[in-house]
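Thanks for sharing this one. Here are some notes to read alongside the model, as numbered points.

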Amino acid sequence: MYAQMIKSTGQGVKSLDEMEPEERAFQERIDAGGKIEPKDWMPEGYRKNLIRQIGQHAHSEIVGQLPEGNWITRAPTLERKAILLAKVQDEAGHGLYLYCAAETLGVTRDDLTRDLLSGKMKYSSIFNYPTLTWADMGAVGWLVDGAAIMNQVPLQRTSYGPYARAMVRICKEESFHQRQGFDIMMKMANGTEAQHKMAQDALNRFWFPSLMMFGPSDAESVHSAQSMAWKIKMNTNDELRQKFVDQTAPQAAYLGLTIPDDTLKLNEETGHYTFAEPDWEEFFDVLKGNGPCNTERLEARNKAWDEGRWVREGLIAHAEKKRSRKMAAE
Amino acid sequence: MSSPESSPYNEDDASPHGETRKTEWPLWEVFIRGQHGLSHRHVGSLHAADAEMAIKNARDVYTRRNEGVSIWTVRASDIAASSPEEKGSLYEPANDKVYRHPTFFDIPDEVGAM
Ligand SMILES: [Fe+2]
Ligand SMILES: [Fe+2]
């Protein structure tokens, strides 16, 4: 997902009886479907966990602009270019909604940015894969945004108010993203033989990395159990992955494309597809920094930060000058 | 007047929410009035060097799809807020004043709509 492998306290979920009164009131509020707001009492673990999760989610939105930004100047028509620009601009907006939610927990934007740039905080593994052809813009919108939606829709009900509200805004915009991707896929899949081949190739390359977005099975994870008790994680990774495959397989069939998994099959009894697991060793390797584009992505963010420094500082100086002139005039 | 260039940048002096470091643009809270004549509503926050830029950024971040007809921005550090601990003393006085609600009064049906 856009936040992967988030660690919580690691101590397992306490029962209500084991909690101090403050924490019990907090947990009961969450159990009853109530929201936690920035100034409310919260366990330190909840706060830290959320900062990591929302921060990583925000970083993913920001770094996620890079693989798509790669194709803006080479979009095949002016209309496609305008659409892709709008989509990428939305992702910048998503990053900003999320940073502002994280900031209500007592970190500054610069703290989060610094931790992204140094590699201390992660972003989703998916954005370390390259976009090699125009069809990849279709595959990314259809599969990557599609997978993100699976996770973001239930997160609209998460217990932390500012995070939930950011998710509501994001979800409103995501269906445009997925549809514009599917629209590209339809055009390519129904186009010339070369275009169809390109669409198939994009699906081949993005299928397993998209499944990895949900993270490895976490049914047994203490971290996930705590996050679910706190309602900052709403479903297990496997539940979401299954939902994604069930939704996507018929769409691929509609496009006349083949999902690169020989074992993929609809189980008539359960109504769910069985499918092959992605290569989890590859996943961990990408998280460690060894994906095809990790270096390039971080370099791009660092370059933008370093080269933007004079602008950030210049505008502060300008604002200070204006303020002191105004004060002098009063 | 101090400029960011001439003051040392200490990366570790993190500031609480709403405040800012020397090199970080201040935080602004954003309020937007939607299309239908409702009050301005809080939508989120953003960073900007000054008020003018805060409005411009708010337009880009929060009204990409005609969500608003009017934008307010205010420095986050200028907002005074009630604290959750006061919840009792602030709101409880309203609890025993049910007569403030119209349903408290039984008006006979013969009187008609009221
Ligand atoms: Fe997004
Ligand atoms: Fe998106």
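1. Let me begin with a metal site, bearing in mind that this is a predicted model. The site of the iron ion (ligand 2) is irregular, with angles of 84 to 172 degrees among its 4 donor atoms. Those donors come from A:Glu91 (OE), A:Asp145 (OD), A:Glu174 (OE) and A:His177 (ND1), at 2.0 to 2.3 Å.

2. You may like to follow these donors along chain A. The spacing in sequence for the iron ion (ligand 2) is E-x53-D-x28-E-x2-H. The E-x2-H end of that pattern sits in helix H7 (residues 161-189) of chain A, where A:Glu174 and A:His177 are separated by about one helical turn because they are 3 residues apart.

3. Now to the other iron. The iron ion (ligand 1) takes its protein donors from A:Glu61 (OE), A:Glu91 (OE), A:His94 (ND1) and A:Glu174 (OE), which lie 2.1 to 2.6 Å from the ion. The angles among these 4 donor atoms run from 81 to 151 degrees, and the site is classed as irregular. In sequence, the donor residues follow the spacing E-x29-E-x2-H-x79-E.

4. What bridges the iron ion (ligand 1) and the iron ion (ligand 2)? A:Glu91 does, and the two ions lie 3.2 Å apart. A:Glu91 belongs to helix H4 (residues 78-103) of chain A and A:Glu174 to helix H7 of chain A, so this pair ties together parts that are 83 residues apart in sequence. Do take a look at A:Glu174 as well, since this residue is listed among the donors of the iron ion (ligand 2) and among those of the iron ion (ligand 1).

5. On to the interface. Here 36 residues of chain B are in contact with 31 residues of chain A. Together the two chains bury about 2,800 Å², with 49% of that area on carbon and sulfur atoms.

6. Polar pairing across the interface deserves a paragraph too. The count is 12 residue pairs in polar contact between chain B and chain A, both residues at pLDDT 80 or more. There are also 6 salt bridges by the rule used. In one salt bridge, the side chains of B:Arg64 and A:Asp90 meet at 2.8 Å, N to O.

7. Which elements of chain B supply at least two residues each to the side that touches chain A? They are strand E2 (41-47) and helix H1 (51-62). The largest share, 5 residues, comes from H1(B). By class, this side of chain B has 13 nonpolar, 8 polar and 15 charged residues.

Key. Residues are numbered from 1 along each chain as its sequence is written. Chains are lettered from A and ligands numbered from 1 in the order in which they are written. This is a predicted model: local features need pLDDT of at least 70, side-chain atom pairs count only at pLDDT 80 or more; totals for chains, interfaces and linings use all residues. Side-chain values use heavy atoms; hydrogens and water are left out. Contact means heavy atoms within 4.5 Å. Buried area is the accessible area (1.4 Å probe) that two parts lose on being put together, summed over both. A salt bridge is a side-chain nitrogen of Lys or Arg within 4 Å of a carboxyl oxygen of Asp or Glu. A polar contact is a pair of N or O atoms within 3.5 Å; within protein, one must be able to donate a hydrogen and the other to accept it, and residues adjacent in sequence count only if both atoms are side-chain atoms. Helices (H or I, at least four residues) and strands (E, at least two) are DSSP runs, numbered from the N terminus. Ala, Val, Leu, Ile, Met, Phe, Trp, Tyr, Cys and Pro count as nonpolar, Asp, Glu, Lys and Arg as charged, and the others, Gly among them, as polar. Donors are N, O and S atoms within 2.8 Å of the metal (3.2 Å for Na, K and Ca); water is not among the atoms, so sites may look incomplete. Four donors count as tetrahedral if all angles lie between 85 and 135 degrees; four count as square planar and six as octahedral if opposite donors are over 155 degrees apart and all others between 65 and 115; anything else is irregular.
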